[in-house]
Structures are given as C-alpha cells and as structure tokens.
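I opened a fresh notebook page for this structure and wanted to look up its cysteines before anything else. The entries below follow the order in which I went through them.

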Amino acid sequence: MGCGRNSDSHSNTSCVCDVVRAIKDIQDNAVNDECVDCPSCFLEPLGTLVSPARRDRADTRVFVLKNADGSPFHAFFSGENNACVSIFFRVEDVFDNCCATLRVLIPGRSDNGGFVPVNLVAGGDRCCINLERVCQVNRFRASNDCITVDLNCFCAIQCIADVDLGLCD
C-alpha cells in the first residue's frame, strides 16, 4: 500500500489524519492555560507551539503536509501581489474516513509592521516551490479559499506556528 496506508492495520486512519483531528479539536477549544515544555502538534492550548509562556491569543495551528516524495503539498488561493500558491493550511473540518476541509493560508512576511505576501513559486518556470522563499515566511493571513483532501494520501505533517487569524471573533 502507499504512504499513509498500512495494510497490516485494522484502522482506516493514518497518523496524519489523527494529528489533523487533534489540531481541529485544539482549535475548537482554544483557551489560554498553562503549557507544557515540548513543542508538538498535539500541544494544547493554542499558542504553545511558539513559546510555552506565550499569552497571545491564537485561533489557528498552521501546518504543512508532505507528499510521499517529501515535497510540500500545495494549493492555490486567489492571487495577491503575484502570490497565489501556498503550502500552509488551517484545518476547518474533518469528516467521513479522514477527509478534511483545509483553509489555504496566505504566506507572508513582516515589513514595517505590515503584511507582505510571499510568492512561493520558483522563477519563471512556475513549477516548483522555492524553499528559500518558504524560509522568508513569518506571518500568515487567512484566504477565502479552501480545499478538500484525503488525509490518508500524505506521509507527514509539520506544525509551523500558532497564530491569530481573527477567524474565531
């Protein structure tokens, strides 16, 4: 079987699915409590990924999904300053047999307190995610674009940051 599927298992879920379900639960129950020391996708409450002592409000655990070849999964969002591709997501819903609706997050960087979108696509060939540009990303903004995925199709998930996108106001 392919990545995310274990033929010896009686379970229909993958570890990526389990983590995304946990992230959804954490986002749904966002509270500011005392935190633990080890950064992990399973940490509660939101805000603990960046700093265990963090007191900032957060409503989203930003994550990246990895394909079988190790490349980051990407999706499109309505273009903004020549940026229209992202590898960053927020889980909105998990349903059926590990399907999920993910909100595509707009990658950006700080510029004098403002938000500047980062174009993650490499040069003129427009085929590949430029990992150097990914390293410039330090802020996120919610797009109005969502994608539905089968979480069993991914081999890895990496939690990036806890942020406040203002979606829970």
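**Cysteines and one aspartate**

I began with the cysteines of this predicted model, and found that C17 and C98 form a disulfide, with their sulfur atoms 1.8 Å apart. I noted that this pair links distant parts of the chain, since C17 sits in helix α1 (residues 15-28) while C98 lies in the loop between β4 (89-95) and β5 (99-111), 81 residues apart. Looking along the S-S bond, I read a value of -90° for C17 and C98, and so recorded their link as left-handed. I also wrote down that the structure holds one disulfide.

Next I asked myself whether C17 is buried or exposed. C17 has a relative accessibility of 0%, and because buried means under 20%, I entered C17 as buried. For its partner I found a relative accessible area of 0% as well, so C98 is buried.

I then turned to two further cysteines, C84 and C146. C84 has a relative accessible area of 32%, which I entered as partly exposed, and C146, at 43% relative accessibility, also counts as partly exposed. Both entries rest on the range between the cut-offs of 20% and 50%.

My last entry concerns D162, which I located in strand β8 (residues 156-163). D162 has a relative accessibility of 2%, and therefore I counted D162 as buried. Which side chain does D162 join in a polar contact? I found that the side chain of D162 meets that of R61 in a polar contact of 2.7 Å.

How values were computed. Residues numbered from 1 in each chain as written. Predicted model: local features only at pLDDT ≥ 70, side-chain atom pairs only at ≥ 80, totals over all residues. Heavy atoms only, no water. Helix = DSSP H or I, 4+ residues; strand = E, 2+ residues; numbered from the N terminus. Buried < 20%, exposed > 50% of the residue type's maximum accessible area, 1.4 Å probe, protein only. Polar contact = N/O pair within 3.5 Å; in protein donor to acceptor, adjacent residues only side chain to side chain. Disulfide = S-S within 2.5 Å.
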